[in-house]
Amino acid sequence: MTADLPKPKLTRENLREAATLISYLRPYRGILVAATAALALSSLLSLCFPFLAGSLMDAATPGVPTRGPGWLPHHVNTVALLMLGVLVVQAASSYFHSTSMTSIGQSALADLRRDTYARLICLPMTFFSQSRVGELNSRLSADLTQIEQTLIMAIPQMFRQTLLLLGGIALIAMTSARLTLIMLGAIPPVIVLAVVFGRKMRRNSRQAQDKLAETGIIVEETLQGIFNVKAFVNEAFEIGRYGRSMDSYLRVALHGARLRGGFIAFIVLALFGSIVVVLWSGATLLQSGRITIGEMTRFVLYTAFVAGAMGQFADLYSQLQKAVGATHRVRELLREQPEFAVKMPGTTPAATVPRHALRGEVEFRDVHFRYPSRPEAEVLKGISFAVRPGEKIALVGPSGAGKSTIISLLLRFYDPQQGELLVDGRPAPSYPLDWLRNQMSIVPQEALLFGGTIFENIAYGRPGAGEAEIIEAARQAHAHEFVSAFPDGYQTLVGERGVKLSGGQRQRVAIARAILKDPAILILDEATSSLDSESEGLVQLALDRLMENRSTFMIAHRLATVRRADRILVIQNGMLVESGTHSELNQQENGLYRRLAELQFNLTL
Ligand code: ATP
């Protein structure tokens, strides 16, 4: 939670980081200058207002000598008209400044969001395996919102309040040096106390939010897992857990109520008390004729300005501090090295990327591997094997043996710490990463379809493919029949907003996607749960078509699949323990494969 993060300091380095982010404002500098000028104008006009109010009072009081610049009108009506005029100009400049600042902030932020997303999605797998993606996502959106608030609100406000504070003090000092000193003596200590109080209240409200979020998590978890709650008859346990969490929220919330009550009492007593002191000394000066009623009015209004500005500074400072922290994290992300430079669609038409350009020869040479997030555990311990072009390999072994890890290395999500991976006789890192991955395709266990149309989902295999190619791929994947049966055909929406496809149908769409990509190397992660036999048959037919002329790696869970393979690699505990065809391996007395085969590769593999 944000409350646990160390408070960022406004160090020089942090400010430099913030400055880099401010560079996002550069494209909008023209309008930014105009908006700042409008902000300055509106602030200066705000400062005119108390002055004119004072003049209005003086003009209305008979016998008061007219003070102030000679060009100022001294008639009640003209002063009032002038005030209205000032207000109109101020309103116009405020409108201009506010709309343009917001649009600059939003546009700069949209650029920043685009860059951050582009950077994030291109980061290597190592990064994702070390960060919790959900947390990263919420952290990023919170950070970017913080930066947005600062760009749009805090920085312009800081500028405005500085002008009001300095201008206000200067103008009061011109009226009466004595009053200025009294005001500067009475108001700031009260403001400092108010800020301390405010900080306590903010901390409390953050704690309350965290506590409330905890109760929310309990509700979410139990509703999502309602099946388990009911099956284990744990209703009473969950009610107790929720109740305790609610109690602890209530304690914090009630403490907050006391704080808020205290704050209101404090404001009434201390802040208004100090205003009484200031007013009282003003009134004595007025009584003794040393200042006019108009000057008194100005003085009171300027005091309000100065007090307001002082009060806001603390708040703005803490916002700025938070934004610097947020900036730091965003900058850290922007500084991470991407896997490869992304070519945006349009710059390289998909058709020009050669497909099936490899022969599909793969060799693992004494590969040792540890996940960067768990360097103490060696997951692959010297794996060596070679796959001929077009050969179909089944990876078999108990759960956790390292089968998926071999696939991750093949896809170059990670590189081995020791040993080598060769593709078509050349070290895999010698190929451009995006090009190499384009030569591979994966049909995962759980085919993930995006919430778009079936057409878009197949086209994901090769963005830019034409309709005829998509339909041909679907035909080969035995998906065309069921897709055509939908009223909207290929334009049928899938996922939450559309049709829910069955497991077998999803698999066939995923296979069509892979056929469209036409890879040299194919990876099949076989679903552990079996499909019904009709669906299974169609998926198998589609897979057979897909595997033609391609080197194929299958993570196999079923005997029927393994039998289709040219060669079976049995992996155990990060090592290749057996290799051969089904019948060869099945003949090995006491072999791991034979034991697994006897178990019919059931789901406990
Ligand atoms: P299964 O059949 O259950 O999918 P598998 O043979 O594919 O198992 P892997 O997923 O390759 O096994 O896992 C091998 C080992 O590596 C396991 O001990 C696992 O805990 C570990 N492992 C897998 N992924 C990661 C990761 N991202 N970070 C750290 N360790 C991991």
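Is aspartate 544 buried, partly exposed or exposed? Keep that in mind as you open the viewer; this tour comes back to it at a later stop. One thing to know before you start: the model is predicted.

**Stop 1: the ligand**

Select the ligand and show what lies around it. You should find 14 residues surrounding the ligand, and the closest are Ser399, Gly400, Gly402, Ser404 and Thr405. Colour this shell by class and you will see 5 nonpolar, 7 polar and 2 charged residues. Now highlight helix α10, residues 403–410: this helix gives the most to the shell, with 3 residues.

Next, zoom in on some individual atoms. Pick glycine 400, where a backbone N or O atom lies 2.8 Å from an oxygen atom of the ligand. Move on to serine 373, whose side chain has an N or O atom 3.3 Å from a nitrogen atom of the ligand. Then choose tyrosine 371, which places a polar side-chain atom 3.4 Å from a nitrogen atom of the ligand. How much of the ligand does the protein cover? On its own the ligand has 630 Å² of accessible area, and the protein covers 67% of that.

**Stop 2: glutamine 130**

Stay with serine 373 for a moment and add glutamine 130 to your selection. Glutamine 130 lies in helix α4, residues 125–130. Setting aside neighbours within four places in sequence, glutamine 130 is in contact with Pro372 and Ser373. Glutamine 130 and proline 372 are 242 residues apart along the chain, yet their C-alpha atoms are separated by 7.8 Å.

**Stop 3: helix α3**

Now select helix α3, residues 76–121, and look for histidine 97 in it. Histidine 97 is buried, with a relative accessible area of 13%. Beyond its neighbours within four places in sequence, histidine 97 is in contact with Ala35, Ala38, Leu39 and Pro156.

Serine 100 lies in helix α3 too. Serine 100 counts as buried because its relative accessibility is 4%, under the 20% cut-off. Not counting residues up to four places away in sequence, serine 100 touches Ile31 and Ala35.

**Stop 4: glycine 282**

Jump to helix α8, residues 235–287, and pick out glycine 282. At 0% relative accessibility, glycine 282 counts as buried. Show what surrounds glycine 282, leaving out residues up to four places away in sequence, and you will find that it touches Leu179, Ile291 and Met296. For a distance check, draw a line from glycine 282 to threonine 292: the C-alpha atoms are 9.9 Å apart, for 10 residues in sequence.

**Stop 5: salt bridges**

The structure holds 18 salt bridges. Begin with arginine 359 and aspartate 424, whose closest N and O atoms are 4.0 Å apart. This pair links distant parts of the chain, 65 residues apart: arginine 359 sits in the loop between α9 and β1, and aspartate 424 in the loop between β4 and β5. Aspartate 424 is buried at 14% relative accessible area, whereas arginine 359 is partly exposed at 49%.

Now for the residue in the opening question. Aspartate 544 meets arginine 564 in a salt bridge, at 2.7 Å from N to O. The two are 20 residues apart, with aspartate 544 in helix α16 and arginine 564 in helix α17. Aspartate 544 counts as partly exposed, because its relative accessibility is 28%, between the 20% and 50% cut-offs. Arginine 564 is partly exposed as well, at 33%.

For a last selection, take Glu221, Glu238 and Arg241, which are linked in a network of salt bridges.

Terms used: Residues numbered from 1 in each chain as written. Predicted model: local features only at pLDDT ≥ 70, side-chain atom pairs only at ≥ 80, totals over all residues. Heavy atoms only, no water. Near = heavy atom within 4 Å. Polar contact = N/O pair within 3.5 Å; in protein donor to acceptor, adjacent residues only side chain to side chain. Areas by Shrake-Rupley, 256 points an atom, 1.4 Å probe, with all protein chains shown as cover. Helix = DSSP H or I, 4+ residues; strand = E, 2+ residues; numbered from the N terminus. Nonpolar A, V, L, I, M, F, W, Y, C, P; charged D, E, K, R; others polar. Contact = heavy atoms within 4.5 Å. Buried < 20%, exposed > 50% of the residue type's maximum accessible area, 1.4 Å probe, protein only. Salt bridge = Lys/Arg side-chain N within 4 Å of Asp/Glu carboxyl O.
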